[in-house]
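Please open the structure in your viewer and keep the selection tool at hand. The stops below are meant to be taken in order, each one beginning with something to select.

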Amino acid sequence: MDSSDINSDRPLGRDDLTGTEPPPARVPAQRGPAPAESGAAAGTPGGAAETPAPEQERFWKAGRLEPMPIRSLPKAPPSIHLLGPTVFLVALGVGMGESYMWPRLVLIFGPEIRWLFLIGVTLQAVVMLEMSRYAMATGESIFFGAARVFKPLMWFFFVTAILVYIWPGHLSAGASAFERVTGIPWQATAVAGMLLVGVVFTLAKVVYNLLENVLSICIGLLVVGTSVVAAMVGSLSDLSTTLTGMFAFGYLPEEALSPAWFPVIVGSIAFAGPSGMQQMWYTLHLRDKGAGMGAHIPRIRGLRHAEEQETMPTRGFMFDTSDPAEMSKWKGWRRWVTFDAFVLFWGITMLVTVSFTVLAQASARFDPQVATVIRDGERDAALDAMAASFTAAGSPVFGTIFFLFISLIGLNATLGLFDSFSRGQADMTYFFVPGARRFSMSKLYGFFLWGLIAFGICILLFGPADGPAAILDTLAFLSTFAMGAYCVTLLLVNNITLPKPIRPGIVPNVLIAVAALFYLGMLFYSLFAYGVVVS
Amino acid sequence: MSAHAPSAGHVPAPAQYAEIAVPGAAIGLVAGVFAAGVAALAGLPGMQIATIATGLGIPLALLGAGYCVLLATGRFGVGAVGPVALYWLVGFPLARLVDEVAVAGVLGHDDVLRDPLLSFLAFQALLSIGFAIGFLWLHERLAPLWYYRIQRHNAAAADLMRRYIDQAAEMEQRRASAGRGRRRGRS
């Protein structure tokens, strides 16, 4: 695959386009720019440095798909900020891994085991930064980037998303916790919750704005609550053992390498923070936030307002990387997203995990039976035991508070997942399924959202919530495999399709390669050495 | 008083600021409710749990209210993370200290703190960063709705609302300028 940098000093190659050359023939699944977009080309807004003639349109050619017109990069907001697309990753990422899986490992192996969590979350923060590189530079999703490199890659993710994420089993933890509080059967809560999510997203004028607001409040409550709880329960020595545990690199007790625990540990590392395809969906939230060149792409609207949807361009845009002013703005955007990755995402994920670990330790201190139940690995029984220990310590109100925490986490994950899945599938369908552009992106989004809800309700009422038992291992395999696959995709997309000045440096490339090796290596090692998929 | 301070209103200035302080105080109180869960971990009776909950909830509510007033008087920028983090870096450990002292007083404990004072304060200060982010996160989502409701009779709230709108307009302008670039490119 050869991409070319129109801004470099070298002579133009065969893929290089100038305004005087028409774009090459496109692949069948792609149509040309809409008339409104591709009419008489104007100059290069944003000060393309070498503007030869006002009518000349300049393009960036990436892969074999439609070239990206050069447009101005918007000015970046201040790097220190509060609200942004990270809220989706936090909502999706802070789930059972942080509230149950890691506290469980700490109880069994001690706080030193947390160095693996540090590695897992830090790798995810780096992946997040690299995901944002392509999305902010082009306004395209990483799925589109994958298609530019090798279209079957994109279809792999399309199919994987359907196989892994249509099963409503993820609703069970939060809804079950709610059942403990109210007595309402969890299936009824889950069905009502899904219908509510569908109606609310349908009525929303701009889905992103609504969801960012709701998730911000939920995450805010979670962060404030867990901070206070940790402050009350813990001590500096608790914090210091947790912190030193995070740096106990290489600590791996013999039992951790046993067939019973190795797959669990690998799974816990893989699912530290956002797992599966959640990082890929982050690129779509960045676009709707208007980050970088995403500002040139219209936002997705609720189905009720779908007619107000502006025309979606048939591809993204690129900025003039030879213009120092544009590069200065690009650096501003990189600072902005770095703050997102390392302060908001990394910091909040760490904080919530520490708090839940402290909670688990406290409940185990109060009732040693909790440690036994947690060790046995029955999630619902373990959550019951933790809540029961709080209840026994004070009043039933406190068991309720614990379950409400779990319900809140479940609600966040469900809201984020429904939106993200629909967003990702709509994006791939709109750009790559022939004939799909008869519908607007917002309508496709609504179609996938309601399809997911309808299927989820049917399965909850009549089928296995986690998916058919015969394919559970396959789904777990696919979920982890997708993480290794998106690291490889990232390396290819960022190093092949982006102009040289904004490609990743050696350090991010090495880290992403390490992540790919880690996810895929551990997955296959677990499979071949122990005969089990990560869990 | 900064340039942002209101000059007139239908209600006296102290009452205006008291009204403005409602969102911050409410968030502080809600945070204090979580302290009840922690009290349960200690296996204490209801009365003592209530003491612990209010011991933290009230200081946090007062500090939350203080943040709103400082915001309204222009000492803090709208949505600025740094000043809030510094504010709670001092305020959160103090609130926790008040809580511990109150609890020790009610229970008649001789030892107020489990850890040395400096260790205690350092631990609380470290956790305050998370609390500050959560607080601001909630405040930025909830407070503008409240200020919008009261701005008709509260000049300080109206002034604060204007600052929120200015900030939103600035963000929108940034997006619109990119949009104009897109339209220019099409025509």
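Select helices α11 and α19 of chain A together, and you will see a pair that cross in a left-handed sense. Helix α11(A) covers residues 262–270, and its axis comes within 10 Å of that of α19(A), the two crossing at roughly 165°; that angle makes α11(A) roughly antiparallel to α19(A). To see where they touch, show the side chains of A:F262, A:P263, A:V266 and A:A270 on α11(A), which make the contact with A:Y519, A:M522, A:S526 and A:Y530 on α19(A). As you look, bear in mind that this is a predicted model, for which the predictor gives the complex an ipTM of 0.74 and a pTM of 0.75.

Keep α19(A), residues 506–530, on the screen and add helix α4 of chain A, residues 114–138, whose axis lies 10 Å from that of α19(A) at an angle of about 120°. Because of that angle, α4(A) counts as oblique to α19(A), and the crossing of this pair is left-handed. On the α4(A) side, select A:L123, A:V126, A:V127, A:L129 and A:E130, which meet A:P508, A:L511, A:I512 and A:A515 of α19(A).

Now move to chain B, which you can colour by secondary structure: six helices and zero strands appear, so that reading from the N terminus the elements run α-α-α-α-α-α. Of the 187 residues in this chain, 39% are buried, and among its contacts between residues at least 6 apart in sequence, 78% join residues at least 24 apart.

Next, select helix α1 of chain B, residues 13–20, and ask which of its residues are buried. They are B:Q16, B:E19 and B:I20, and if you turn the view to look down the axis of α1(B), these buried residues fall within an arc of 100°, so they line one face of the helix.

Finally, colour chain B by pLDDT, which averages 79 over the chain, with 76% of the residues scoring at least 70. Among the elements of chain B, helix α4 (residues 81–107) has the highest mean pLDDT, 87, whereas helix α6 (residues 155–186) has the lowest, 70. Select residues 182–187 of chain B to end the tour: the pLDDT there is below 50, although the stretch has 13 contacts in the model beyond near neighbours in sequence. Where pLDDT is low, the predicted coordinates should not be read in detail.

Definitions and conventions. Residues are numbered from 1 along each chain as its sequence is written. Chains are lettered from A and ligands numbered from 1 in the order in which they are written. This is a predicted model: local features need pLDDT of at least 70, side-chain atom pairs count only at pLDDT 80 or more; totals for chains, interfaces and linings use all residues. Helices (H or I, at least four residues) and strands (E, at least two) are DSSP runs, numbered from the N terminus. A residue is buried if 20 or more other C-beta atoms lie within 10 Å of its own, exposed if 12 or fewer, and partly exposed in between; C-beta atoms are placed from the backbone. Two residues are in contact if their C-beta atoms, placed from the backbone, lie within 7 Å. The arc is that of the directions from the helix axis to the C-beta atoms. pLDDT is the predictor's confidence in each residue, from 0 to 100. Axes are lines fitted to C-alpha atoms, for helices over the stretch in contact, and angles run from 0 to 180 degrees between N-to-C directions. Angles under 35 degrees count as roughly parallel, over 145 as roughly antiparallel, 65 to 115 as roughly perpendicular and the rest as oblique. A crossing is left-handed if the near helix is turned anticlockwise from the far one by less than a right angle, and right-handed if clockwise.
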